[in-house]
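Got your viewer open? Keep the selection box handy, and we'll walk from stop to stop.

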Amino acid sequence: MAVLPIYNCYHPVLRKKTQKVEVIDQSIKDIADDMLETMYNTGNGVGLTANQVGIDKSIVVIDLAKADDDENAPGRPIVMINPEILSYSEETVEDNEGCLSIPDLYDKVARAKSVEVKYTNLSGNEVTETAEDFHARVVQHEVDHLNGILFVERLSPLRKSLNKNRLRKIQKGITLPDYPMVMPDGKLVQD
Ligand code: ZN
């Protein structure tokens, strides 16, 4: 297992749709392991996609234990291969969101309260489940990543313009996370 650098939201790898995984072999399991370790290393991440570590594949890791009130709650890692959202609830909820590729920026995004998601797990089994509330928010955020969409693109026009300056600092590397990051030009930066 290895901690991988996380790609800045202005890197082109985060702006295009990822490739579907055809075969779940050891290399895919190794990538998922590295992604989980990378996410845990950030301290507060609850979800990460393969393109956020520069790998053009449809893989998502999620662990909602960090969001529990009990900070010693055991990890509950979920690996989703080729996830697809089948349906969205009509009811939406607005709540704060952040992203490991967009350091120190949190803002309110409206998301469906629940979604039905289909994916393949690491054993190769197809899973269809309903995710609710915070889990639904994380699934929607991560599936957006696989489609090249960032949460800041889903902000209201007013919130978008209020964040312009902060985003510029993230793009230029003035705002950096406390984990390794690959900048838009490909340069690795460690704060
Ligand atoms: Zn994100």
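**Stop 1: the second largest pocket**

Start with the second largest pocket and colour its lining by element: β4 gives the largest share, four residues. Both β4 and α2 supply at least two residues each. Before going on, some ground rules: this is a predicted model, where local features need pLDDT of at least 70, side-chain atom pairs count only at pLDDT 80 or more, and totals for chains, interfaces and linings use all residues. Residues are numbered from 1 along each chain as its sequence is written, and side-chain values use heavy atoms, with hydrogens and water left out.

Now select K17, T18, K20, S58, P83, E84, I85, Y88, V143, L146 and N147, which line this pocket. They divide into five nonpolar, three polar and three charged residues. (Nonpolar covers Ala, Val, Leu, Ile, Met, Phe, Trp, Tyr, Cys and Pro; charged covers Asp, Glu, Lys and Arg; the others, Gly among them, are polar.) The volume is about 170 Å³.

A word on the terms. On a 1 Å grid over the protein atoms alone, a pocket is an open set of points with protein on both sides within 12 Å along at least five of seven lines, and lining residues have an atom within 4 Å of a point. Grid points are joined across faces, edges and corners, and the volume is the space filled by probe spheres set on the points. Helices (H or I, at least four residues) and strands (E, at least two) are DSSP runs, numbered from the N terminus.

**Stop 2: strand β4 and its neighbours**

Stay with β4, residues 78-88. Select N82, which lies in this strand. N82 has a positive phi of about 50° although it is not a glycine, and at 14% relative accessibility N82 counts as buried. (Buried means under 20% relative accessible area, exposed over 50%, partly exposed in between, with a 1.4 Å probe and protein chains only.)

Which strands pair with β4? One is β3, antiparallel over four bridges; another is β7 (residues 114-120), antiparallel over five. Two strands count as paired if DSSP finds at least two bridges between them. For a look at the register, pick V61, which stands opposite V79 in β4, then I59, which stands opposite I81. On the β7 side, the bridge partner of Y88 is V115.

Next, show the side chains of β3 (residues 59-62). In a regular strand the side chains alternate between the two faces of the sheet. Here both faces are covered: I59 and V61 on one side, V60 and I62 on the other, are all buried. Strand β2 (residues 47-49) runs antiparallel to β3, joined by three bridges, with L48 opposite V61.

**Stop 3: the zinc ion**

Follow the loop between β2 and β3 to N51. N51 is buried, at 0% relative accessibility. A polar atom of the N51 side chain lies 3.0 Å from the backbone oxygen of H145, a polar contact (a pair of N or O atoms within 3.5 Å; within protein, one must be able to donate a hydrogen and the other to accept it, and residues adjacent in sequence count only if both atoms are side-chain atoms).

H145 takes you to the metal. Select C99 (SG), H141 (NE2) and H145 (NE2): these are the protein donors of the zinc ion, 2.1 to 2.2 Å from it. Donors are N, O and S atoms within 2.8 Å of the metal (3.2 Å for Na, K and Ca), and water is not among the atoms, so sites may look incomplete. Along the chain the donors are spaced C-x41-H-x3-H. C99 sits in strand β5 (residues 92-99) and H145 in helix α2 (residues 133-146), so this pair ties together parts 46 residues apart in sequence. C99 is buried at 10% relative accessible area, and H145 is buried at 1%.

**Stop 4: the largest pocket**

Keep C99 selected and add N44, G98, L100 and Y106: these five lie nearest the centre of the largest pocket, which 25 residues line. About 460 Å³ of space lies in there. Helix α2 supplies the largest share of the lining, six residues, while β5, β6 (102-112) and α2 each supply at least two. By class, count 11 nonpolar, nine polar and five charged residues.

Last pick: D104, in strand β6. D104 has a positive phi of about 60° without being a glycine. Is D104 buried or exposed? At 53% relative accessibility, D104 counts as exposed.

Conventions
1 Å grid on protein atoms, 1.4 Å probe; cavity = no way out; pocket = protein on both sides within 12 Å on 5 of 7 lines; lining within 4 Å.
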